[in-house]
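Work through the exercises below with the model open. Try each task before you read its solution.

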Amino acid sequence: MESSRPLLSLDALTTGYQRMQVLSGLHLTVNPSEIVSIIGPNGAGKSTVLKAIYGFLAPWEGVVRFRGEDISHLPVVARVKKGMILVHQNDNIFSGLTLHENLEMGGYLIARGSLLKERIDSVYEQFPFLYKKRRQAARVLSGGERQLLAIGMALVSEPELILLDEPSMGLAPRMMARIFEWVGRIHEMGKSILMVEQNARQALAISHRGYVLDLGKNRFEGRATDLLEDPKVLSLYLGGENSHENL
Ligand SMILES: Nc1ncnc2c1ncn2[C@@H]1O[C@H](COP(=O)(O)OP(=O)(O)O)[C@@H](O)[C@H]1O
Ligand SMILES: [Mg+2]
């Protein structure tokens, strides 16, 4: 059935760097209009999953599908054109350029100027903070504002699926809350989101489903509400019931 087909699926994906295997037989799906989180300890392979989905790493075994189509061997640009975009963990904006120029860079694949303007205007409409600061150099932004700009750049390409690598990393709690609020709003705009997060509780709190990755393998998966209450997940990956939020 058309409506039950996942937007993205990883089927027994194994890959790594040079000869170092990082992911082993990984399964993961994102359905249309879902927010899905990947959590797990440092070095578990979370960023590597996003790189494999985006085309920075080819599968050694297994398949990456987007809307049912095998995209495992497509280059990055072809995947962007099909409707996905990755917001990197670091260095995801051009600090020497203005906010507006950054948003233009986000639309580098859009050939028609009028369409690019339309897309940027729609991002400004959704997120007026970017409009207010549009003429300023991105270097003056705070860490959290930089993340918001990076997400804004991603939106210019009007992706169906947004891959977010630790959007709340290193941010103060108030800014962190704002980032998760933005993720929720982007979801309300009809986007699907696959998010890697160290702040597992907060990520799961706004997600429909989650995956716990450990040593490059599926460890737990399920509805986010169930994961947040699973005693094993709690003690192993959420730092115990009353403990700190970070992994
Ligand atoms: N470019 C790279 N070259 C070689 N090894 C890498 C590279 N990037 C990550 N790794 C290794 O792959 C493993 C998983 O890393 P990563 O996916 O970044 O984990 P996570 O995002 O969960 O912290 C780690 O052992 C890391 O050292
Ligand atoms: Mg990472």
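Two strands pair if DSSP finds at least two bridges between them. Helices (H or I, at least four residues) and strands (E, at least two) are DSSP runs, numbered from the N terminus. The model is predicted: local features need pLDDT of at least 70, side-chain atom pairs count only at pLDDT 80 or more, and totals for chains, interfaces and linings use all residues. Residues are numbered from 1 along each chain as its sequence is written, while chains are lettered from A and ligands numbered from 1 in the order in which they are written.

**Exercise 1. The hairpin**

Task: Find the residue in β2 that stands opposite S9, then describe how β1 and β2 are joined.

Solution:
- Step 1. Locate β1 at residues 8-17 and β2 at residues 20-30. They pair in the antiparallel sense, over seven bridges.
- Step 2. Start from S9; T29 in β2 stands opposite.
- Step 3. Check another pair: T15 has L23 in β2 as its bridge partner.
- Step 4. Look at the connection. Two residues lie between the strands of this hairpin, and Q18 in the turn has a positive phi of about 45°.

**Exercise 2. The four-stranded sheet**

Task: Give the strand order of the open sheet that holds β1, and name its edge strands.

Solution:
- Step 1. The order is β2-β1-β4-β5, with antiparallel pairing.
- Step 2. β2 and β5 (69-70) are the edge strands, each pairing on one side only.
- Step 3. Place α1. This helix packs on the sheet and touches β1, β2 and β4, and its direction makes about 70° with that of β2. Touching is judged by C-beta atoms, placed from the backbone, that lie within 7 Å. Axes are lines fitted to C-alpha atoms, for helices over the stretch in contact, and angles run from 0 to 180 degrees between N-to-C directions.
- Step 4. Follow the pairing inward. Five bridges join β1 to β4, and D11 stands opposite V63 in β4.
- Step 5. Finish at β5. Two bridges join β4 (residues 61-66) to β5, with F66 facing E69 as bridge partner.

**Exercise 3. The six-stranded sheet**

Task: Which strands stand at the edges of the open sheet of six strands, and why is one side of each left without a neighbour?

Solution:
- Step 1. Read the order: β6-β7-β8-β3-β9-β10, with mixed pairing.
- Step 2. β6 (84-87) and β10 (217-223) are the edges; each has a single partner strand, so one side of each has no neighbour in the sheet.
- Step 3. From one strand to the next, the twist averages 15°.
- Step 4. Inspect one pair. β9 (residues 209-214) and β10 are antiparallel over six bridges, with R209 opposite R223.
- Step 5. Add α1 again. This helix lies across β3 (35-39), β6, β7 (161-165), β8 (192-196) and β9, at about 150° to β7.

**Exercise 4. The shell around ligand 1**

Task: Which element gives the most residues to the shell around ligand 1?

Solution:
- Step 1. List the shell: Y17, M20, V22, G40, N42, G43, A44, G45, K46, S47 and T48. A residue is included if its C-beta atom, placed from the backbone, lies within 6 Å of the ligand.
- Step 2. β2 and α1 (46-54) are the elements that give two or more residues.
- Step 3. α1 gives the most, with three.
- Step 4. Sort by class: four nonpolar, six polar and one charged. Ala, Val, Leu, Ile, Met, Phe, Trp, Tyr, Cys and Pro count as nonpolar, Asp, Glu, Lys and Arg as charged, and the others, Gly among them, as polar.

**Exercise 5. Positive phi and burial**

Task: Is E166 buried or exposed? Compare A12 and K217.

Solution:
- Step 1. Recall the background: most residues other than glycine have a negative phi.
- Step 2. A residue is buried if 20 or more other C-beta atoms lie within 10 Å of its own, exposed if 12 or fewer, and partly exposed in between; C-beta atoms are placed from the backbone.
- Step 3. E166 sits in the loop between β7 and α7 (173-188). Its phi is near 50°, a positive value. E166 is buried, because it has 21 C-beta neighbours inside 10 Å.
- Step 4. A12 lies in β1, also with a phi near 50°. A12 has 13 other C-beta atoms within 10 Å, so it is partly exposed.
- Step 5. K217 is in β10. With 15 C-beta neighbours inside 10 Å, K217 is partly exposed.

Terms used
Two residues are in contact if their C-beta atoms, placed from the backbone, lie within 7 Å.
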